[in-house]
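Okay, thanks for making room for me today. Let me put the structure up, and then I'll talk you through it.

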Amino acid sequence: MNLSDILNFQLLPKSNSVMELLSLNEKTKEQGLVLTPDDIKTLVVFRNKVLRDYARVELGIEVLQELIKVFSSSPYMEKDHYVDTLNELQEIFYYLRNETEDKAEDIKLIMKMNDYFNGSCAGSVELLRSKMEELAENFKKDMMCLDSLFEGDESAWD
């Protein structure tokens, strides 16, 4: 058992986290989107897998909660693909989190993802993934430019 398995908690059927996620149904049911306890288990199992794949540790479910809150109002979110889409959004989010070296706030990344999803991607997760890969690449280029700007110029820090 590795450290991420120990730290990434498992949700019990009546845990506060499951209840918090279920309570989001009050908001999302207006769009015809409802998660069952089994759906939540699927989301959390996938979350734990993605965290393990990206060697990340998360102690709470805040990211998943925000993804549900933000994306449930999308006109492109379909009830038949709700859980699968949320899983893909989790994967994209944690990929982006790693690629931006945790320098951007969670909510800003989620809102950027949502803007693209509802805008130029027109609900396509594949296009969103591609746009977020571009965003991450541009972020890295900008960081390298910033690093080279100050490289060897110790007076810049005075």
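I'll start with the whole chain, then go through a few helices and finish with a loop.

First, the housekeeping. This is a predicted model, so I should say that local features need pLDDT of at least 70 and side-chain atom pairs count only at pLDDT 80 or more, while totals for chains, interfaces and linings use all residues. Residues are numbered from 1 along each chain as its sequence is written, and side-chain values use heavy atoms, with hydrogens and water left out.

Right, the overall picture. The chain has 8 helices and 0 strands, and from the N terminus the order is α-α-α-α-α-α-α-α. Helices here are DSSP runs of H or I with at least four residues, strands are runs of E with at least two, and the numbering goes from the N terminus. Of the 158 residues, 37% are buried. By buried I mean under 20% relative accessible area; exposed is over 50%, and partly exposed is in between, with a 1.4 Å probe and protein chains only. The accessible surface comes to about 9400 Å², and 53% of that belongs to carbon and sulfur atoms. Those areas come from the Shrake-Rupley method with a 1.4 Å probe, and for residues only the protein chains shown count as cover. As for contacts, meaning heavy atoms within 4.5 Å, take those between residues at least 6 apart in sequence: 66% of them join residues at least 24 apart.

Now to H5, residues 62-71. How many of the 10 residues of H5 are buried? It's 7, so H5 is largely enclosed by the rest of the structure. The buried ones are Val63, Leu64, Gln65, Leu67, Ile68, Val70 and Phe71. They pack against H2, H3, H4, H6, which is residues 82-99, and H7.

Let's take one of those partners, H7. Two packed helices are described by the angle between their axes and the distance between the axes. For H5 and H7, which covers residues 106-118, the angle is about 35° and the axes are 10 Å apart. The axes are lines fitted to C-alpha atoms over the stretch in contact, and angles run from 0 to 180 degrees between N-to-C directions. The crossing of H5 and H7 is right-handed, meaning that the near helix is turned clockwise from the far one by less than a right angle, with anticlockwise being left-handed. On the H5 side we have Val63, Glu66, Leu67, Val70 and Phe71, and they meet Asp106, Ile107, Ile110, Met111, Met113, Asn114 and Phe117 in H7. By class, that contact has 9 nonpolar, 1 polar and 2 charged residues. Nonpolar covers Ala, Val, Leu, Ile, Met, Phe, Trp, Tyr, Cys and Pro, charged covers Asp, Glu, Lys and Arg, and the others, Gly among them, count as polar.

Back towards the N terminus for H2, residues 16-23. Ser17, Val18 and Leu21 are buried there. Seen down the axis of H2, these buried residues fall within an arc of 100°, so they line one face of the helix. The arc is taken from the directions from the helix axis to the C-beta atoms. What do the buried residues of H2 pack against? That would be H3 (25-28), H4 (37-53) and H5.

On to H6, where I picked two residues. Leu89 sits in H6 and is buried, at 0% relative accessible area. Leaving aside neighbours within four places in sequence, Leu89 contacts Leu67, Phe71, Met77, Met113 and Leu128. The C-alpha atoms of Leu89 and Phe117 are separated by 10.0 Å, with their positions 28 residues apart along the chain. Thr85 is in H6 too, and is buried at 10% relative accessibility. With neighbours within four places again left out, Thr85 is in contact with Met77, Phe117 and Val125.

Last stop, the loop between H6 and H7, where we find Glu101 and Asp102. Most residues other than glycine have a negative phi. Glu101, though, has a positive phi near 55°, and Asp102 has a positive one near 60°. Glu101 is partly exposed at 47% relative accessibility, and Asp102 is partly exposed at 40%. Leaving aside neighbours within four places in sequence, Asp102 contacts Arg56 and Arg97. Ala104 is in this loop as well, partly exposed at 23%, and touches Arg97 and Leu109, not counting residues up to four places away.

That's my tour, thanks.
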